[in-house]
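These are my notebook entries on how two chains meet and how some of their aromatic rings pair.

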Amino acid sequence: MSTTAIVQEDADPRASKRQSIFSRFIRTPAGIISLGVILFIIAVAVLAPWISPQDPNYVDLFAAKAPPSAEHWLGGDSTGRDILSRLIWGTRTTLWGALITIVTALVIGAPAGVVAGYFGGAFDRAASWVSDAIQAIPGMIILLVVAAGTRQNFPLLMATVGVLLTPGYYRIARARTLTIRNEPFVAAAWVAGLSHPRIIVKHIFPGVYAPIIIQTALAAGIAMGIQAGLQFLGIGSANVPSWGAMMNEGFRFMLTSPLLLLWPSAALGVTIAALAVMGSTLGDLVRVRTPSAGKKATAAAATANAAARAPATGAFAYDADKAAVRVENLRVAYATPSGESEVVHGISFDVAPGEVLGIVGESGSGKSQTVFSMLDLLPSGGRYEADGIVISGRDVAKLPAKERAKLLGSEIGYIPQEPMSNLDPCYTIGFQLMQPLRSVHKKSRKEARDIARAMLERVGIADVDRVMKSYPFEISGGMAQRVLIAGAIAGQPSVLLADEPTTALDVTVQAEVLELLRELQDEFHMALVLVTHNFGVVADICDRVIVMRDGDIVEVGEVRETFAGAKEPYTRDLISASLDGAASRRELDEEFAGKGANAQPAAQGA
Amino acid sequence: MADVNTPLLTVEDLVVEYGSRGKGFRALHGVSIDIKPGECVGVVGESGSGKSTLGNAILGLAPVTEGKITFDGEDISHAKGADRRRLAKSIQVVFQDPYGSLDPTMRVGDILAEPLTVAGESKDKARDAVAEMIERVHLPAGTIDRYPSEFSGGQRQRIAIARALVRRPRLIVCDEPVSALDLTTQSTVIDLFIEIQRDIGVSYLFVSHDLGVVRRICHRVAVMQRGEIVEFGDAAMVTSEPEHPYSARLLLASPVADPAAQAQRRQNWLALREEDNAAAVR
C-alpha cells in the first residue's frame with residue numbers, strides 16, 4: 001500500500017508540470033493580452049447588430065468628413081456614414097472572410113499533409129508537386145482573375161485565398177507526420193494490431209495539432225491582410241462595410257482627413273498583431289517544455305546548497321606537480337524551475353602523464369558532466385565551480401573563457417561519443433581537420449594539410465586521399481571516430497579526454513578504436529581520461545579507475561586491484577552486472593529445473 | 001505448447017530487398033531460422049548485418065522478397081491488412097529505444113490498454129489485464145495514471161514489455177531491448193524476460209549485438225554477417241567456442257570485465273587480426 005501512496009503523492013506535482021498548453025498560454029502576459037484582444041474582436045463581430053450605434057449604410061450628409069463628436073464618436077466618412085458603425089460591421093466582414101480562408105486551407109492542407117507524410121508514395125509526390133506549384137503561382141493575379149470571373153463573389157474569393165494558403169498547412173502537417181511516423185511507437189502500434197486510420201487518429205494527430213493551431217493564428221493574420229488588400233483595390237460590394245474599403249477611402253482623403261485612414265488601419269493592425277503574438281507565444285510554449293529558472297531562484301538555491309555541502313569525494317594519487325590533470329572539489333549544477341540542482345557534489349581526482357584513467361558509472365552519475373566541465377563545454381543552464389582544475393600546471397578554471405578555449409585542440413584533445421554528429425556534414429573531412437590547425441596553431445595551408453594527412457595515416461586510415469576529400473556521410477561510423485581521434489591528437493595535446501568514445505560503435509570497431517587509443521597514448525605519452533559505462537573497456541585499457549554514483553566518487557583504485565577486490569558493494573554490483581563469465585541460459589534453466597524438483601517433494605512433505 | 005519440438009516459427013530462405021526488385025538494396029540473402037515454443041533464439045551481428053531486418057520481416061515491417069515465414073503452420077510471409085492485424089494477438093515486439101517506443105502524449109494505462117481495446121475487449125477487462133501486466137513487470141500500480149516521460153529508461157522498457165504481453169502473445173520479437181540501458185538495469189530486465197518466459201512459455205526472437213546478453217538469455221543463437229547467417233547453434237557453445245571465424249572475431253572483440261582475462265583476449269584478438277591481414281595480403 002505504501003508504495004502506491006508514495007507514487008500517487010508525487011504524481012501530483014508532476015501532473016501540474018504537464019498542464020495543457022492552453023493553461024500555460026493564458027498565464028503568459030503576451031498570451032492573455034493577445035487572447036483578450038482576439039476575443040474582444042470576435043465579440044464585436046458577433047454583437048455588431050446590437051452594439052453598432054447606427055446603420056452602417058445610413059447617410060447623414062451633415063456628417064460628411066465630420067470630426068469625432070458625441071453623435072459620431074469616430075466622426076463620419078466622405079459620404080457622411082458613421083465610421084464607428086462601419087468599423088464594427090467591418091469586423092464581421094473581416095472575421096467571416098478569414099474564417100472561410102482558414103477553414104478552406106485547413107480542410108485541404110492538413111489532411112493532405114498527414115496522408116502524404118504517413119503513406120508517402122505516389123500521393124506524396126503528387127501532392128508535394130501541387131503544393132510547390134501553388135506556392136510558385138502569383139497569388140494576387142489569381143485573385144484578381146477570380147474576382148473578375150465571379151463578379152466579385154466574396155466567399156469564393158476568400159476560399160481562393162484559402163487554397164493559396166494551403167501549402168503552409170500541407171508542409172507543416174507532412175513534416176510533423178514524417179517525424180512521428182518514424183518513431184518506434186508507431187511501429188509498435190501497428191504490431192499491436194491498430195489499423196492505419198486508427199494510428200493516424202490516436203498517435204499522429206496529437207503530435208500534429210499544436211503546430212497546426214500556431215499556423216492557423218498566423219494564417220488568419222495573413223488572410224485578413226490579403227482580404228484588406230483586395231478590398232483596398234476596390235473588390236467587394238460598396239454596401240458591405242469592410243476595413244479594406246474604408247482604408248481605400250481614407251487613402252483618397254488622406255491629406256484632408258487623415259483620421260479616415262487611421263481608424264481602419266488601427267483596427268487591422270491591432271488584430272493582425274494580436275494573432276501574430278498569439279502564434280509566436282504558442283510556438284514558444286510548444287518548443288520549450290519547461291520554463292527556465294529565474295535568476296533569483298538560482299541565487300537562493302546556490303546559497304542553500306553552500307550551507308549543506310558535504311566534503312569532496314575522491315582522492316589524489318600523485319603530488320600536484322607530477323599530475324597532468326588535477327581536479328579539486330569540482331561541483332556541477334543545473335538551473336531548474338525549482339532552483340538549482342547539483343549533479344556533481346564535489347569530486348577530486350588526478351591523472352599522471354601517460355596514465356589512463358577510467359571514469360565509470362551509470363547514467364546520471366555525473367561522469368560526462370565532469371568531462372564537460374574540464375572542457376568548459378557544459379550545456380546551457382549548467383554551471384560548475386572548483387577549487388582548481390589544473391591541466392599541465394595551469395589552473396584552467398581561473399582562465400578567462402577565451403584563453404580557455406585556446407587550450408582546446410592544443411593542450412586538451414577531446415573525443416566525443418557520437419562520431420557522426422560531431423562532424424559537420426557541410427564540409428570535407430580534410431577541411432575540418434585542417435581548420436583548427438590553421439586557426440589555433442597558425443599553420444600554413446600546406447603544413448596543416450601535411451599534419452592532417454600524417455594523422456589520418458597514423459590512426460590507420462588506408463586511403464588518406466579519398467578520406468580527406470570525403471564528406472562525413474560518405475564514411476562509416478568507425479572511420480568517423482578515427483577521424484575525430486586524428487583531429488584530437490593533431491595538436492599533440494598532453495591530455496586527451498574521451499567521453500564514451502566507443503559506445504556508439506560495433507564491438508569489432510570498438511576493439512580497433514581501443515587498440516588505436518592504447519598505441520597513441522603510449523606513443524605520445526598523453527594522460528587519457530576515458531568515460532565509460534562498460535567495465536570490459538575499463539579492464540581493457542585503463543590503469544586506474546574512478547567509480548561514480550549520483551555525483552559522488554565512491555571508489556578510486558588501480559584497475560587490477562579494483563577488479564580483484566572492490567571495497568564498495570556498489571562497485572562489485574557494477575562489475576558483476578557485466579555478465580562476463582555469468583551463467584548461460586542453459587545453466588540457469590538447469591538450476592531452475594533442479595530447484596523446482598527439489599521444492600516439490602518438500603512441499604508434499606509439509 | 002502441444003509439441004515442444006514442433007517449431008512455432010520457421011523462416012526459410014528469407015530474402016528482403018528494399019527499393020525496387022533487382023535494383024534495390026538486399027538486406028537479407030536467404031536466411032533460415034526456427035524458434036520452438038518457449039524458446040529464446042538470439043540473433044547477433046554488427047550494425048548492417050541484417051539482424052533487425054529479420055525481426056522486422058517477421059513483424060511485417062519489412063518486405064519479404066523471397067522465401068517463406070511460417071507461424072504455427074500458417075504462411076505469414078505476405079500477410080497484409082486484416083490478416084496481419086489478426087497476428088497481433090500472437091506476435092508482439094519490444095524495441096530498443098525506451099524513449100521513442102511509447103507515445104509521449106498518452107498515459108501508460110492507455111498505452112497498455114490500446115492493443116486490447118483495438119481487439120474489441122471491454123474496458124473493464126482491459127483494465128484488469130493491464131493491472132495484471134503492470135504487476136508482472138514489477139511496476140507500482142500507480143504507473144497507469146502517469147506519462148512515459150516520468151519514467152527512467154529501465155522502467156519504460158518494463159512498460160514496453162507489459163504492452164507486448166497484454167494480448168498474451170506466443171512470440172515476442174525483442175529488438176535490442178536492453179542495449180540502451182545501464183548495466184545493472186540491463187541485468188534486472190534480462191531477469192524479467194527470463195521470468196516471464198518461464199511463467200507463460202512465450203518464445204523470444206532476441207536481437208542483440210552483445211554476446212554476453214545473448215549468452216545469458218538465449219537457448220540458441222544465430223550469428224549474422226552481411227545479411228547471412230554464418231553460424232546457428234547452442235548459445236553457450238557459440239558464445240564460448242565459436243566455429244565460424246567471424247563469430248570468433250566477434251567474441252574476441254568484446255572486452256571482458258576482468259583485466260587478466262581481457263589482456264589474454266586482446267592478445268588473441270591481435271593475433272587473429274594479424275592472421276586476417278596476412279590472409280588479405282595473400
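Entry one, the interface. I worked from a predicted model. I looked up the salt bridges across the interface of chain B and chain A, and the rule finds four. I noted that A:Asp589 forms one with B:Arg198, their closest N and O atoms being 3.0 Å apart. I then looked up polar contacts between chain B and chain A and recorded 20 residue pairs. On the side of chain B that touches chain A, I found 30 nonpolar, 17 polar and 20 charged residues.

Entry two, the extent. I recorded 67 residues from chain B and 58 residues from chain A in the contact. Between them the chains bury about 5,600 Å², with 59% of it on carbon and sulfur atoms. In chain B, I listed B:Leu183, B:Arg198 and B:Arg216 as losing the most area to chain A, together 12% of what that side buries.

Entry three, the rings. I counted eight aromatic pairs over all chains. I noted that A:Phe205 and A:Tyr209 have ring centres 6.1 Å apart and planes at 25°, so the pair is stacked. Both residues lie in helix H10 of chain A, four residues apart, about one turn of the helix. A:Phe205 is exposed, at 51% relative accessible area, and A:Tyr209 is partly exposed, at 39%.

I turned next to B:Phe193 and B:Phe206, whose centres are 5.8 Å apart with planes at 85°, so I entered the pair as edge-to-face. B:Phe193 lies in helix H6 and B:Phe206 in strand S8 of chain B, 13 residues apart. B:Phe193 is buried, at 1% relative accessibility, and B:Phe206 is buried at 0%. Ring pairs link these two residues and B:Tyr204 into a cluster.

How values were computed: Residues are numbered from 1 along each chain as its sequence is written. Chains are lettered from A and ligands numbered from 1 in the order in which they are written. This is a predicted model: local features need pLDDT of at least 70, side-chain atom pairs count only at pLDDT 80 or more; totals for chains, interfaces and linings use all residues. Side-chain values use heavy atoms; hydrogens and water are left out. Contact means heavy atoms within 4.5 Å. Buried area is the accessible area (1.4 Å probe) that two parts lose on being put together, summed over both. A salt bridge is a side-chain nitrogen of Lys or Arg within 4 Å of a carboxyl oxygen of Asp or Glu. A polar contact is a pair of N or O atoms within 3.5 Å; within protein, one must be able to donate a hydrogen and the other to accept it, and residues adjacent in sequence count only if both atoms are side-chain atoms. Ala, Val, Leu, Ile, Met, Phe, Trp, Tyr, Cys and Pro count as nonpolar, Asp, Glu, Lys and Arg as charged, and the others, Gly among them, as polar. Rings of Phe, Tyr and Trp (its six-membered ring) pair if their centres lie within 6.5 Å; planes under 30 degrees apart count as stacked, over 60 as edge-to-face and the rest as tilted. Helices (H or I, at least four residues) and strands (E, at least two) are DSSP runs, numbered from the N terminus. Buried means under 20% relative accessible area, exposed over 50%, partly exposed in between (1.4 Å probe, protein chains only).
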